[in-house]
Amino acid sequence: MKKIIIILGVISATIAVILSVLPLSNLTYIPAIIALIFGLIAIYLSRENKESKKIIHLLLLITIISLAIATYKSVFNTVEIGNTEQLEKREKESEEKAIEELEGLGL
Amino acid sequence: MQRLIFTFLLLFIINTNAQNLPFQAGEKLSFTASYNMSGILTELAQVTMETSEVKTSKSTILRLKCTATTYSKWDIFFKIRDIYESYVNPKTLTPYLYKRDISEGGYNKFVQYKYNHNSKTVASLIRKKKREGGTYDIKKTVPISVNANDIVTTIYKLRQLNFSDTINGSNDSFTVLFDNKEATVSFTYLGKETINTTIGDKECYKLAISIQGTDVLKGNNSNLLWLTADENKIPIYAKFKIPVGNGELKIKSVSGLKY
């Protein structure tokens with residue numbers, strides 16, 4: 001039972017850390033919260049045993065890092081449009097061609 | 001005599017319409033388009049609506065332009081650089097020329113309609129990219145209905161409607177030509193609502209949009225548009241539900257307003 005919870009926690013934490021570095025960082029919170037829950041359950045289940053808890057600590061650490069990255073990105077990163085040089089060129093060319101077309105329509 | 005009266009009436013209608021235009025050349029509206037991913041709205045692109053004057057040797061024409069540009073962080077995954085434009089009569093908004101030049105994640109398409117209102121036809125040109133490189137053209141003459149418009153003109157014509165005396169539930173429809181096919185777009189007035197936006201709290205006309213004969217838009221009253229309940233009638237907020245999800249369009253900035 002504990003092993004399954006730890007495996008699910010590690011999977012969730014890995015998804016969270018991958019999402020946090022992608023533009024989809026908004027979605028990090030969902031797997032991160034799941035990973036945190038699994039991590040806490042795993043700690044609760046292993047509190048009476050004297051087994052090593054390194055993997056659980058690692059799971060929680062990865063989750064906290066992913067949450068920190070996602071929070072930093074949502075607070076400090078502002079969205080900005082990409083390079084529009086080509087688009088502006090196309091717009092200008094389109095207008096020039098349109099004037100020719102309109103002249104051709106007798107306008 | 002009857003012809004004279006008809007001409008006067010026509011001129012009066014044209015003049016009234018011209019006075020009622022809620023926008024002018026130089027208006028620029030910027031929006032943020034967001035898509036709902038697992039219940040979290042993610043900002044995807046910037047959409048702008050601009051009006052400008054274009055001068056030919058004989059006349060001045062109004063250019064209505066809409067562009068869509070993905071934010072830089074999405075460009076690696078799915079780069080969108082779309083231009084939709086319509087060249088219309090500055091008084092009556094009668095369209096003369098429509099152009100759609102889209103570039104969406106490697107997919108390119110160019111569509112052009114030259115209107116002939118006398119013969120009620122449109123000379124359509126569709127240009128697509130060949131797989132092996134180069135392009136190919138498809139030219140067609142498409143018959144259109146009397147009041148058929150392109151999508152860009154329809155958005156601006158919608159702003160011409162008078163909602164001040166409109167009863168809740170009443171609707172209006174437009175015939176829109178898209179991909180050489182006509183579709184009826186209906187707008188149902190749902191009353192007034194005050195919404196909070198980046199340009200302040202605005203009292204708006206709430207409209208439900210539906211397209212007959214196509215499944216582009218999903219749900220009943222799930223596609224909504226809010227126009228400011230002032231003389232400018234700016235489209236300030238929109239919610240849409242499409243087969244692959246749902247999203248929204250929020251106003252970001254406005255400039256060059258008429259009123």
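Visitor: Which side chain of opposite charge is nearest to Lys99(B), which is buried yet has no salt bridge?

Guide: A salt bridge needs a side-chain nitrogen of Lys or Arg within 4 Å of a carboxyl oxygen of Asp or Glu, and the nearest candidate for Lys99(B), Glu85(B), is 4.8 Å away. Lys and Arg count as positive and Asp and Glu as negative, with His and the chain ends not counted. This is a predicted model, in which local features need pLDDT of at least 70 and side-chain atom pairs pLDDT 80 or more, while totals for chains, interfaces and linings use all residues. Residues are numbered from 1 along each chain as written, chains are lettered from A and ligands numbered from 1 in written order, and side-chain values use heavy atoms, without hydrogens and water.

Visitor: Which backbone oxygen does the side chain of Lys99(B) reach?

Guide: A polar contact pairs N or O atoms within 3.5 Å; within protein, one must be able to donate a hydrogen and the other to accept it, and sequence-adjacent residues count only if both atoms are side-chain atoms. Here the side chain of Lys99(B) reaches the backbone oxygen of Ser94(A) at 3.0 Å.

Visitor: Is Thr184(B) buried or partly exposed?

Guide: Buried means under 20% relative accessible area, exposed over 50%, and partly exposed in between (1.4 Å probe, protein chains only). Thr184(B) counts as partly exposed because its relative accessibility is 28%.

Visitor: With which residues is Thr184(B) in contact, leaving aside neighbours within four places in sequence?

Guide: Contact means heavy atoms within 4.5 Å, and the partners of Thr184(B) are Ser173(B), Phe174(B), Ser210(B), Ile211(B) and Gln212(B). By comparison, the C-alpha atoms of Thr184(B) and Lys129(B), 55 residues apart along the chain, are separated by 29 Å.
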